[in-house]
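Let's take a walk through this structure together, starting with its overall form and ending with its charged pairs. Have your viewer ready.

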Amino acid sequence: MEREMNQVFKSEQEYSDYMDERDKEKEKEVIKNITPEIEMNIIIKLYNKKQISLESAASNLNMTVPEFEELLKQQRKSA
C-alpha cells in the first residue's frame, strides 16, 4: 500500500502491469486459504446451479458419482 502511494509510474502500461501483478498475489493468497470444506461447498453449489455436471463435480472432489450422490443426500438431510 505504501509503495502504491509513493510509486510514480512512467506509463499507463507500467501501472497496469503493477496492478495485474498485485492482483495475482492477492488471488494466490485467497486460493491458499480455501479449505477442503469450502472447496466442497463451492463444487456442490456449482452442481446445484447446473453449472457443472454430476460427473465433473464428483471428479473435482476425487469421488465416484455414487459417492458424490451420497454426499448430496447427506447434505440435504442436514439442511
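Two residues are in contact here when they have heavy atoms within 4.5 Å. With that in hand, look at contacts in the protein chain with a separation of 6 or more: 26% of them join residues 24 or more positions apart. Please keep in mind throughout that this is a predicted model.

Now for the overall layout. What elements does the protein chain contain? There are five helices and zero strands, so to read along from the N terminus is to pass α-α-α-α-α, given that helices and strands are DSSP runs numbered from that end. The C-alpha atoms fill a box of roughly 55 × 20 × 20 Å along the principal axes. The radius of gyration of the protein chain is 20 Å, whereas a compact globule of 79 residues would have one near 12 Å. Of these 79 residues, 16% count as buried. The accessible surface comes to about 6700 Å², and carbon and sulfur atoms hold 52% of that area.

Let's step inside next. Which residues make up the largest nonpolar core? This core has 11 residues: M40, I43, I44, Y47, L54, A57, A58, L61, F68, L71 and L72. Helices α3, α4 (54-60) and α5 (65-78) each supply at least two of them, and α3 gives the most, with four residues. F68 is a good place to center your view. Leaving aside neighbours within four places in sequence, F68 is in contact with I44, Y47, L54, A57, A58, L61 and M63.

From the core, move out to the surface. V30, I31, I34, I38 and I42 form a nonpolar patch there, and together they have about 430 Å² of accessible area. Two helices, α2 (12-32) and α3 (36-48), each supply at least two residues of the patch. Helix α3 therefore takes part in both settings, as it supplies at least two residues of the nonpolar patch and gives four residues to the core, where core membership requires a residue to be buried. One patch residue to pick out is I38, which lies in helix α3. Is I38 buried, partly exposed or exposed? I38 counts as partly exposed because its relative accessibility is 39%, and the partly exposed class runs between the under 20% of buried residues and the over 50% of exposed ones.

Finally, turn to the charged side chains. Side chains of opposite charge can pair when their charged atoms come close. How many salt bridges are there? The count comes to two. In one of them, the side chains of K28 and E25 meet with an N to O distance of 3.7 Å. Both residues lie in helix α2, three residues apart, or about one turn of the helix. K28 is exposed, at a relative accessible area of 53%, while E25 is partly exposed at 43%.

The other pair to inspect is E29 with K32, a salt bridge whose closest N and O atoms are 3.4 Å apart. E29 and K32 are three residues apart in helix α2, so about one helical turn separates them. E29 is partly exposed, with a relative accessible area of 40%, and K32 is exposed, with 61%.

Key
Residues numbered from 1 in each chain as written. Predicted model: local features only at pLDDT ≥ 70, side-chain atom pairs only at ≥ 80, totals over all residues. Heavy atoms only, no water. Patch = residues over 30% accessible without salt bridge, like charges linked within 9 Å, V, L, I, M, F, W, Y side chains within 5 Å. Areas by Shrake-Rupley, 256 points an atom, 1.4 Å probe, with all protein chains shown as cover. Salt bridge = Lys/Arg side-chain N within 4 Å of Asp/Glu carboxyl O. Buried < 20%, exposed > 50% of the residue type's maximum accessible area, 1.4 Å probe, protein only. Core = buried A, V, L, I, M, F, W, Y, C linked by side-chain atoms within 4.5 Å. Rg over C-alpha atoms; globule rule 2.2 N^0.38 Å.
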